[in-house]
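Reader: I would like a close look at a single part of this protein, the sheet and what surrounds it. Please take me through the strands in order and then outward from there.

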Amino acid sequence: MKKIALIMHDDVTLSTVTGAMDMFIHTNRLFQQLKKPQPFDLVLAYEKKPDGPMPVPDSMVNYSTVAETTQADLLIVPAFYGDRDEMLKKHHDTIEWIGAMHAKGAEVASLCSGIYFLAEAGLLPGRSCTAHWNDMEDIVKRYPEVNFLSDMVITDQEGIYTSGGAFSSLNLILYLIDKFCGREVGVWASKMFSLDMDRMSQSHFAVFKGQRQHRDDEILKAQTYIEQNHHLQLNIDEIANHTNMSKRNFIRRFKKATQNTPFEYLQRVKIEAAKKALEKGSQNINLLMYDAGYNDIKTFREVFKKITGLTPQDYRRKYNREVPVVN
């Protein structure tokens with residue numbers, strides 16, 4: 001039996017806790033029905049004693065505090081609300097406890113923004129990880145030694161697990177059930193909770209927001225120029241000239257400010273425009289390709305799939321569904 005401690009505090013996103021609990025509880029019930037030992041010993045580990053326990057079956061969930069929890073096989077760090085700096089300072093003691101428990105042998109899993117607690121605990125240098133795609137820019141700046149994979153739904157490396165944003169974090173719980181209980185139980189859980197076992201990418205959910213959290217005015221000027229003229233046949237020399245910089249200096253400063261080369265940035269802006277057009281569903285693929293500034297359909301499809309994980313046709317089918325009218 002694996003002892004799993006789900007961390008609770010005032011700022012948790014409760015859906016990530018209750019979703020994980022529900023999946024583990026139902027898996028335990030399956031084993032009860034099969035008259036087999038339950039695979040999970042669930043503990044809600046609170047930062048401070050709550051006024052009352054969450055309304056779940058006592059036989060399935062135990063209650064403790066972080067300070068009282070001195071042993072666990074797996075810690076699960078839920079997502080949280082609030083300003084990142086404020087939350088990391090407020091929950092500093094819990095973050096230190098996570099690091100100490102890992103040093104004692106506990107595995108650690110983060111759900112969505114829970115990754116910040118793992119990073120602050122020093123568990124991620126040199127490791128691959130993921131979280132909500134919207135946190136990528138901030139995490140890369142805060143923790144440059146971390147290999148952030150924004151397109152991944154799940155990572156598993158040396159007993160450290162991370163998951164993508166919002167409800168996609170439940171795919172990590174499904175993965176853990178499959179890993180700890182075997183493939184047959186994993187398939188059962190996939191069907192029970194209507195979760196796709198093969199879903200590995202969250203890149204098609206991402207919204208490219210321009211990466212403007214820097215103070216280089218000339219690069220901001222270049223970004224605006226790209227965003228306003230992405231439908232034209234722009235080249236890097238032309239964009240560099242617009243900022244009165246040499247091409248070499250422009251590329252260096254652009255990469256430092258945005259974490260993308262100018263060419264990569266231009267591609268992402270073009271594809272973001274194409275995504276929005278596909279969501280409206282008003283154009284065929286060839287017209288959309290030209291409007292996005294591409295002349296070759298093969299190149300357009302390859303770049304689109306590289307960035308979103310889907311072909312243009314699949315993206316349109318996924319996000320431009322007409323609502324059925326009931327008479």
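Author: What follows describes the sheet strand by strand, then the helices on it, then one loop residue and one helix pair.

The model is a predicted one. Its chain has 327 residues, of which 49% count as buried. The secondary structure comes to 14 helices and nine strands. Taken along the principal axes, the C-alpha atoms fill a box of roughly 65 × 55 × 35 Å. Among contacts between residues at least 6 apart in sequence, 63% join residues at least 24 apart.

Seven strands form an open sheet with mixed pairing, in the order E3-E2-E1-E4-E5-E9-E8. The edges are held by strand E3 (61-65) and strand E8 (154-157); each has a single partner strand, so one side of each is left without a neighbour in the sheet. On average, and with direction ignored, neighbouring strands are turned by 20 degrees against each other. Strands of a sheet pair through backbone hydrogen bonds, either parallel or antiparallel.

Start at the E3 edge. Strand E2 (residues 40-46) pairs with E3 in the parallel sense, over five bridges. One position to look at there is Leu 44, whose bridge partner in E3 is Tyr 63.

Further along the order comes the pair E1 and E4. These two strands run parallel and are joined by three bridges. Here Leu 6 stands opposite Ile 76 of E4.

E4 also pairs with E5, again in the parallel sense, over four bridges. Leu 74 has Glu 107 in E5 as its bridge partner, and Val 77 has Ser 110 in E5. Ser 110 then leads on to the next strand, since it stands opposite Thr 162 in E9. E5 and E9 run parallel and are joined by three bridges.E4 is worth a second look for its side chains. Both of its faces are covered. Leu 74 and Ile 76 are buried on one side, and Leu 75 and Val 77 are buried on the other. Leu 74, Ile 76 and Val 77 thus return from the bridges named above, with Leu 74 paired to Glu 107, Ile 76 opposite Leu 6 and Val 77 paired to Ser 110.

Now the helices on the sheet. Helix H3 (residues 92-103) packs on the sheet and touches E1, strand E4 (74-77), strand E5 (107-110) and strand E9 (160-163). The direction of H3 makes about 155 degrees with that of E4. Helix H6 (residues 170-181) lies across E1, E2, E4, E5, E8 and E9. Relative to E9, H6 runs at about 145 degrees. E1, E4, E5 and E9 are thus named in the contacts of H3 and also among the strands that H6 lies across.

From E1 the view can move to a loop. Asp 11 sits in the loop between strand E1 (2-8) and helix H1 (14-33). Its relative accessibility is 14%, and the cut-off for buried is under 20%, so Asp 11 counts as buried. The side chain of Asp 11 makes two polar contacts that can be inspected in turn. One is with the side chain of Lys 90, at 2.9 Å. The other joins the side chain of Asp 11 to that of His 91, at 2.8 Å. Not counting residues up to four places away in sequence, Asp 11 touches Ala 79, Phe 80, Tyr 81, Met 87, Lys 90 and His 91. Lys 90 and His 91 therefore appear both in this list and as polar partners of Asp 11 through their side chains.

The last stop is a helix pair. Helix H13 (residues 297-308) and helix H14 (residues 312-319) pack with their axes 9 Å apart, at an angle of about 55 degrees. That angle makes H13 oblique to H14. On the H13 side the contact involves Phe 300, Arg 301 and Phe 304, and these meet Pro 312, Gln 313 and Tyr 315 of H14. By type, the residues of this contact divide into four nonpolar, one polar and one charged.

Arg 301 is one residue of this contact that can be followed singly. Arg 301 is placed in helix H13 and is partly exposed, with a relative accessible area of 38%. Leaving aside neighbours within four places in sequence, Arg 301 is in contact with Pro 312 and Gln 313. Between the C-alpha atoms of Arg 301 and Tyr 319, which are 18 residues apart along the chain, the separation is 17 Å.

Terms used: Residues numbered from 1 in each chain as written. Predicted model: local features only at pLDDT ≥ 70, side-chain atom pairs only at ≥ 80, totals over all residues. Heavy atoms only, no water. Buried < 20%, exposed > 50% of the residue type's maximum accessible area, 1.4 Å probe, protein only. Polar contact = N/O pair within 3.5 Å; in protein donor to acceptor, adjacent residues only side chain to side chain. Contact = heavy atoms within 4.5 Å. Axes fitted to C-alpha atoms, helices over the stretch in contact; angles between N-to-C directions. Parallel < 35°, antiparallel > 145°, perpendicular 65-115°, else oblique. Nonpolar A, V, L, I, M, F, W, Y, C, P; charged D, E, K, R; others polar. Pairing = 2+ DSSP bridges.
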